[in-house]
Amino acid sequence: MTTYRIAPSILSADFARLGDEVRSVIDAGADFIHFDVMDNHYVPNLTVGPLVAQAIKPYCKRADGSPVPLDVHLMVEPVDALAQMFAKAGADIVSFHPEASRHVDRTLQLIRDSGCRAGLVFNPATSLDVLDHVMDKVDLVLIMSVNPGFGGQSFIPEALRKTAMARQRLDAYRAHSGREVLLEVDGGIKADNIAAVAAAGADTFVAGSAIFGQKDYRAVIDAMRGELARVA
């Protein structure tokens, strides 16, 4: 049975009380904390840096003390220096866009050597072909179901087909390697479409405004899990 993970994106949280927001969404059932980094260069927006990741890292744990992974999505160019800075700041997963790195294989290895899991992120119009050459260094594949740069966008339906294509690649790789690679989808995820995304093959779901835009975080996450249970 597939293990599903919900990764609230703090891009939509209240930045004036970010630590409390992280704690609240974890208490509500979050599996990962998704941390979006934008540089006003690779994407037309500017968000937060390693110092903010370092500040919220102590909050990334459940009431029983067990850790919740800090899932950093770099929408930056160049990648390598910031990837290492976020690793030092406490990131557990660092993902980047292949077109933002001159040497994708090297960047993946750099992230892993820094003690983090490494991920590749694919924009709506970016081919998955690069995966065929670096799968042994990839721990997570992230399919963007919106164009990166801003929260609150609507889900692009074509992302379902792309998610299914990525799932075929990951299943084939697992069949001969025995290694599991997570398949995450980010953008416009809500309770009313999460089941379709899971049916396409995703196991990890980033949701920003769908969770942080509501008063009751647990109610939203529970509703998402209810929809996922129908797929499982």
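Me: How many salt bridges does the structure hold?
Reply: This predicted model holds 17 salt bridges.

Me: What makes the contact between the side chains of Asp132 and Arg169 a salt bridge?
Reply: The cut-off is a side-chain nitrogen of Lys or Arg within 4 Å of a carboxyl oxygen of Asp or Glu. Asp132 and Arg169 meet at 3.1 Å, N to O. That value satisfies the cut-off, so the pair counts as a salt bridge.

Me: Why does this pair tie together parts that are apart in sequence?
Reply: Asp132 belongs to helix α5 (residues 131-134) and Arg169 to helix α6 (residues 158-177). The parts are 37 residues apart in sequence, so the salt bridge ties them together.

Me: Why is α1 called oblique to α9?
Reply: Helix α1 (residues 18-27) packs on helix α9 (residues 217-231) at about 45°. Their axes are 8 Å apart. Angles under 35 degrees count as roughly parallel, and 65 to 115 as roughly perpendicular. The value of about 45° fits neither range, so α1 is oblique to α9.

Me: Which residues make that contact?
Reply: From α1 come Glu21, Ser24, Val25 and Asp27. From α9 come Tyr217, Arg218 and Ile221. By class, the contact of α1 with α9 has 3 nonpolar, 1 polar and 3 charged residues.

Me: Is the crossing of α1 past α9 left-handed or right-handed?
Reply: α1 passes α9 in a right-handed crossing.

Me: What makes β1 and β2 the edge strands?
Reply: The open sheet has 8 strands in the order β1-β8-β7-β6-β5-β4-β3-β2, with parallel pairing. β1 (5-8) and β2 (33-38) each pair on one side only. Neighbouring strands of this sheet are turned by 25° against each other on average, direction ignored.

Me: How do you know that β5 and β6 pair?
Reply: Pairing needs at least two bridges between the strands. Strand β5 (residues 117-122) and strand β6 (residues 140-144) have 4 bridges, in the parallel sense. The count meets the cut-off, so they pair. Gly119 stands opposite Leu140 in β6.

Me: Which helix lies across β4 and β5?
Reply: Helix α4 (residues 104-113) lies across β4 (93-96) and β5. The helix runs at about 140° to β5.

Me: What is the peptide bond from Glu77 to Pro78, cis or trans?
Reply: The bond is cis, with omega near 0°. Pro78 sits in the loop between β3 (70-75) and α3 (80-89).

Me: What is phi of Asn40, positive or negative?
Reply: Phi of Asn40 is near 60°, a positive value in a residue other than glycine. Asn40 sits in the loop between β2 and α2 (50-56).

Conventions. Residues are numbered from 1 along each chain as its sequence is written. This is a predicted model: local features need pLDDT of at least 70, side-chain atom pairs count only at pLDDT 80 or more; totals for chains, interfaces and linings use all residues. Side-chain values use heavy atoms; hydrogens and water are left out. Helices (H or I, at least four residues) and strands (E, at least two) are DSSP runs, numbered from the N terminus. Axes are lines fitted to C-alpha atoms, for helices over the stretch in contact, and angles run from 0 to 180 degrees between N-to-C directions. Contact means heavy atoms within 4.5 Å. A crossing is left-handed if the near helix is turned anticlockwise from the far one by less than a right angle, and right-handed if clockwise. Ala, Val, Leu, Ile, Met, Phe, Trp, Tyr, Cys and Pro count as nonpolar, Asp, Glu, Lys and Arg as charged, and the others, Gly among them, as polar.
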